[in-house]
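Got the viewer open? Here is a short tour, one selection at a time.

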Amino acid sequence: MPVVTVEDRRLTLSNLDKVLYSDGTTKGELLHHYASNGALLLPHLVDRPLSLLRYPDGGTGQRFFTKNVPPGTPDWVRTGEVPRSGGGTMRQLVVADLPSLVWAANLVVEFHTPQWTLDAPDVADRLVLDLDPGEPATVVDCCRVALWLRERLGADGLTCYAKTSGSKGLHLLCPVEPASSRETSAYAKRLATEAARELPELALAVMTRRLRPGKVFIDHSQNAARKTTATPYTLRARPLPTLSAPVTWEEIEECGRPEELAFTLAELPARLERLGDLFAPLAARTEAAPLPD
């Protein structure tokens, strides 16, 4: 197995030629993405306990979700004690640097994080709304809901950033001044309920399966302390190597077909060259605002 040096760490990588996606994308290409774009991911990972969706045989193979520190984790990879919802604690990974990111990516994972950091569990610094379309609704319908939510959040003084989920929908994120997860959850639920009332033919604030077809479910529950959301720029366990990719509001306004907001690994370099890191302000937290009373 090849051994590489990432910054000051020697890493043993495995199965670099293994095909993980139906377009032929290999594990080596996956690792290259994380190694070369670490500066994009790390601001959204540092100090946040990781949940990992592992898919070692590719997006159409077996998948399993884990929060526990994997066996064989090197002692130089940061870990931390995280409160359990039912009491007690558990130890989770915390990616603190590029070597840790590449080491974790070698496990073939999606990266998921909560809206709070390790030093302040249950104190959110981000608000998230996950827009999930129920067939035959698509991301095009999510865009209509996202535009309404952006305006509504702006009325409350919050700046909203958008990214594709890397699957079917959109994620909206707002930097907020530190507030309890209970407060952010309550506010997000109020917004979702208001959107469902104002857009009754389009938006839904409850998960009831029989109501989902043709509607966009605004999942506000990811603000709960125990929940996590796919990290910006993470690859997803899908048939194609789609990313959870930041998008502009112009792209959302102009979206007419689902494929216009589906971005793969091969498309990312051109997007970065043209648009830069659209989530840099979110990572910098310069626009964090208080939740409304």
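How many salt bridges does the rule find across the interface of domain 1 and domain 2? Two, in this predicted model.

**Stop 1: the two domains.** Colour residues 3-117 as domain 1 and residues 121-284 as domain 2. Their centres, taken over C-alpha atoms, sit 23 Å apart. Now show the residues where they touch: 34 from domain 1 are in contact with 35 from domain 2. Between them the two domains bury about 2800 Å², and 56% of that is on carbon and sulfur atoms. Next, pick out His44, Gln115 and Trp116 as sticks. These three supply 28% of the area that domain 1 buries against domain 2, more than any other three residues.

**Stop 2: polar links across the interface.** Back to those two interface salt bridges. Select Arg48 and Asp125: they form a salt bridge, with the closest N and O atoms 3.0 Å apart. Polar contacts give you plenty more to click through, since the count between domain 1 and domain 2 is 18 residue pairs, both partners at pLDDT 80 or more. To see what domain 1 brings to this side, highlight α1 (27-36), α2 (38-45), β3 (51-54) and β7 (109-113), each of which supplies at least two residues of the side that touches domain 2. Colour that side of domain 1 by residue type and you get 15 nonpolar, 13 polar and six charged residues.

**Stop 3: a long-range pair.** Which residue does the side chain of Arg236 meet in a salt bridge? Show Glu110: the N to O distance is 3.1 Å. Arg236 lies in the loop between β13 (229-230) and β14 (246-247) while Glu110 is in strand β7, so the pair ties together parts that are 126 residues apart in sequence. If you want to hunt for others, the rule's count comes to twelve salt bridges.

**Stop 4: backbone oddities.** Keep one thing in mind here: most residues other than glycine have a negative phi, and most peptide bonds are trans. Stay in the loop between β13 and β14 and select Tyr233. Tyr233 isn't a glycine, yet has a positive phi of about 75°. Then jump to Asn15, in the loop between β2 (9-12) and α1. Asn15 has a positive phi too, about 55°, again without being a glycine. Finally, zoom in on the peptide bond from Glu135 to Pro136, which is cis with omega near 5°. You'll find Pro136 in the loop between β8 (123-133) and α4 (139-155).

**Stop 5: the database label.** Select residues 26-279, which UniProt, in an unreviewed entry, lists as "domain: DNA ligase D polymerase". Switch to cartoon view: over this stretch the chain is 30% helix and 23% strand. Draw a distance between the end C-alpha atoms and you should get 27 Å.

Definitions and conventions:
Residues are numbered from 1 along each chain as its sequence is written. This is a predicted model: local features need pLDDT of at least 70, side-chain atom pairs count only at pLDDT 80 or more; totals for chains, interfaces and linings use all residues. Side-chain values use heavy atoms; hydrogens and water are left out. Domain bounds come from an automatic or database domain assignment. Contact means heavy atoms within 4.5 Å. Buried area is the accessible area (1.4 Å probe) that two parts lose on being put together, summed over both. A salt bridge is a side-chain nitrogen of Lys or Arg within 4 Å of a carboxyl oxygen of Asp or Glu. A polar contact is a pair of N or O atoms within 3.5 Å; within protein, one must be able to donate a hydrogen and the other to accept it, and residues adjacent in sequence count only if both atoms are side-chain atoms. Helices (H or I, at least four residues) and strands (E, at least two) are DSSP runs, numbered from the N terminus. Ala, Val, Leu, Ile, Met, Phe, Trp, Tyr, Cys and Pro count as nonpolar, Asp, Glu, Lys and Arg as charged, and the others, Gly among them, as polar. UniProt positions are given in the numbering used here, feature names are shortened, and annotations may be inferred rather than shown by experiment.
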